[in-house]
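Here is a short note to read alongside the model. Please keep the 3D view open and go through the points in order.

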Amino acid sequence: MSFYLQQYNNIFEDCVLTVCYKATNEEIKEYGLTGENILLLIKNSNIKKIINNKNINYYKEISKMFSNKDIFLRIQCECLLGMYGDSHCDCEEQRIQSMKLISENDGIFVHLPQEAQGWGLFYKLKELELQVSGRTDKGKFIGKKNRDEAQNFLLGNSQFDDLRSYGIIYKIFDELGLVSQKFVLISDSEKKYQALAKQGFDIQKLSDYHVEEINAENLSEYLIKILNNTHVYDDTVIDKIINLINNRKYNSRTLSTLTSIVDKINNDKSYELDLKTKNKLLTAYNNIICGEEKKYVFDNNLIKIQNNFSCKVNSSIFMAIQNVYGNNVFDRISLEKLYYFEEKNDNSSVRIRSSKVLDTIGKDSIFMKGQIHVEQRDFNEDRTQILQKEISLSKLRAFFENNNYDYLKRVEMITMISERRIPGVNIYIKKLPNIECRIMDVFGKKEKIQEFIKNIMTNLSRNVFNESISNVAYEDENFDGYNLRFADLETAMKEELSIYEIMKKGDN
C-alpha cells in the first residue's frame, strides 16, 4: 500500500487520508478487477490531529481512527464514462451523494477497478453502443439492446454474468485493522450487501439511501437491476421510476427491459419481487402499452379520440395476423412518401403523406390501384391534437415554394394497410429503408388495441413484437433523425408486393 495525507480535499471539505492498494495479477483475476490500483479515501475528523506529526504509522492511526464509531462505507465500482459526464447511467450522481454522506458522517470511499461488472472499459463501449445506438463496433445497425441482450450478443452469455467479487475489500481492511469495526453500507445493491456480509463484515444497509437523479437516460439501469434482483429499492425510488414510465419519459432500452420484467412477473413463479412493486410495474405497463390517447380532427368535421400503438415487428407478423383474422385483412398496399415542413414563425410542424396505391384486394378497398392520395397533418405543441385533411399534389408542391416554411426531410415507406377490416382497429405495417424488421401502427380505442395485441400474442406467435409496448419514437411524426429513401425502390416494392399477394390468396 501507499499513503498520501491530503491536507485539504475540496469535495470532502476536510483532511483526507488516501490509500492505494496495488493488486497482484492473481488478485486481479480472482476478484474480477480491471486494473491493479484500488483507491481508498478515508474521511475522519481525527485526521487533522496527525497532520503535523513528523512520523506517522499509517496502519496504527487508521486502525484506531474509527474506534467506537460506525464506518460509513461506499464501494464504487469504476465507471469512467459516468465520471466524464455520460448521461446513460447514474454512477456520477451516486459518487457525489455517497461522498457527501461520508463527509458528514466520517467513513471510507473505495474506488474499485471493476469497470463494466468486471468486463472492462473496452467491452463497455461496445455494450453501450448496442444499448444506446443499436450498432456493433463495426458500425452495423442491428437494433437497440438492453444490457443483458448486449452481453448475450457480444459474449454469447445466455444469462448476464457479473464478474465482480468483493473479497479483496476484506483483505485490504484486514491489513488496515478495520475488519472488526461496524460498517454502514451506502448502496442499494442487495448483492453487494450480501457479499460483504458473507465475507465477515459486521455491516448494515443505509436504508434511506437512494439516488435522486433518475431520468429517461438512466431509467433502464434501474430496471435491469430490478429484473436481475440485484437491488432492492424503497418506495421513493420505485415511485420515481413509475412516474417516468407513466409520463413516457423513456427510451427503447427502458421498454425492452420493462417488457422482460412484466414477462418474468407473469411467467416465472420463482421471481422474487415484492407484491407492491410488482403491481406498480404491471399498472404502469398497462397504462403505456397502447400509447398516448390523441384527438384527431378531420376536414369533414369528424372527430376521433384514439390511441396509436407503434412498435417494431418481425416478418412473422403476417402469419400471426392471418392465423387469427384470416385472409384479405389488408385492403391495400401503398408506396408512401412523408414530407416534413416547419413553419418559420411559430415552429409548428406539418407532415404531408403522399400515398400511391400499388395493389388492392379489389372492390372492397376504398381506393383504386394506381390512385394517389395526399393528406396533410398539423400538430399542436404537445402533439395530443392532430388536424388531418386531404389535399392535392399541387398543394404539396406549393409548400416547397412557400417562404414561410422550411423543408426538413422526406421518408419513404411501403405500407400494408388494413382499414375497417379488423373490428375496432386500423393496422399499418411499414417497411422503411435501413430500418430492421418492420414498424406496425395500430389505431383505435385502448381496449380494442389491447384485444388485438392479446389475440396476436398467442403461444405460437408471441415473439412477433420486438417490443410489446407502444414506442413514440416509431410514430410517423417522430422520425426526427431520419431522411430515408430506398436505394433500390423497385426491388423493395417487388418484395413487399409478393408478401401482399400471399396475404390475399392465403398461401402459407
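1. A charge sits over a ring if NZ of Lys or CZ of Arg is within 6 Å of the ring centre and within 35 degrees of the ring normal. K205 fits this: it lies over the face of Y193, at 5.0 Å from the ring centre. R147 lies over the face of F160, at 3.7 Å from the ring centre. Bear in mind that this is a predicted model.

2. Now the sheet. Strands of a sheet pair through backbone hydrogen bonds, either parallel or antiparallel. Here an open sheet has 7 strands, in the order 1-2-3-5-4-6-7, and its pairing is mixed. Which strands are the edge strands? They are strand 1 (2-9) and strand 7 (202-205), and each pairs on one side only. From one strand to the next, the twist averages 25°.

3. Look closely at strand 7. Strand 6 (residues 182-185) runs parallel to strand 7, and 4 bridges join the two. To find the place, start at V184: it stands opposite Q204 in strand 7.

4. Two helices lie across strands. Helix 7 (residues 167-175) crosses strand 2 (14-22), strand 3 (37-43), strand 4 (71-77), strand 5 (107-112) and strand 6. Helix 7 runs at about 135° to strand 5. Helix 8 (residues 190-199) lies across strand 4, strand 6 and strand 7. Its angle to strand 7 is about 165°.

5. Next, the aromatic rings. How many aromatic pairs does a search of the whole structure find? The search finds 18. One of them is F341 with Y407, a tilted pair with 5.6 Å centre to centre and 50° between the planes. This pair links distant parts of the chain. F341 is in strand 10 (residues 332-343) and Y407 is in strand 14 (residues 405-422), 66 residues apart.

6. Are F341 and Y407 buried or exposed? F341 has a relative accessible area of 1%, so it is buried. Y407 is at 35% relative accessibility, so it counts as partly exposed. Both belong to one aromatic cluster, together with Y339, F399, F400 and Y405.

7. Why is the pair of Y428 and F443 edge-to-face? The ring centres are 5.7 Å apart and the planes are at 85°. Planes over 60 degrees apart count as edge-to-face, so the label follows. Y428 lies in strand 15 (residues 425-431) and F443 in strand 16 (residues 438-444), so the pair ties together parts that are 15 residues apart in sequence. Y428 counts as buried at 17% relative accessibility. F443 also counts as buried, at 10%.

Notes:
Residues are numbered from 1 along each chain as its sequence is written. This is a predicted model: local features need pLDDT of at least 70, side-chain atom pairs count only at pLDDT 80 or more; totals for chains, interfaces and linings use all residues. Side-chain values use heavy atoms; hydrogens and water are left out. Two strands pair if DSSP finds at least two bridges between them. Helices (H or I, at least four residues) and strands (E, at least two) are DSSP runs, numbered from the N terminus. Axes are lines fitted to C-alpha atoms, for helices over the stretch in contact, and angles run from 0 to 180 degrees between N-to-C directions. Contact means heavy atoms within 4.5 Å. Rings of Phe, Tyr and Trp (its six-membered ring) pair if their centres lie within 6.5 Å; planes under 30 degrees apart count as stacked, over 60 as edge-to-face and the rest as tilted. Buried means under 20% relative accessible area, exposed over 50%, partly exposed in between (1.4 Å probe, protein chains only).
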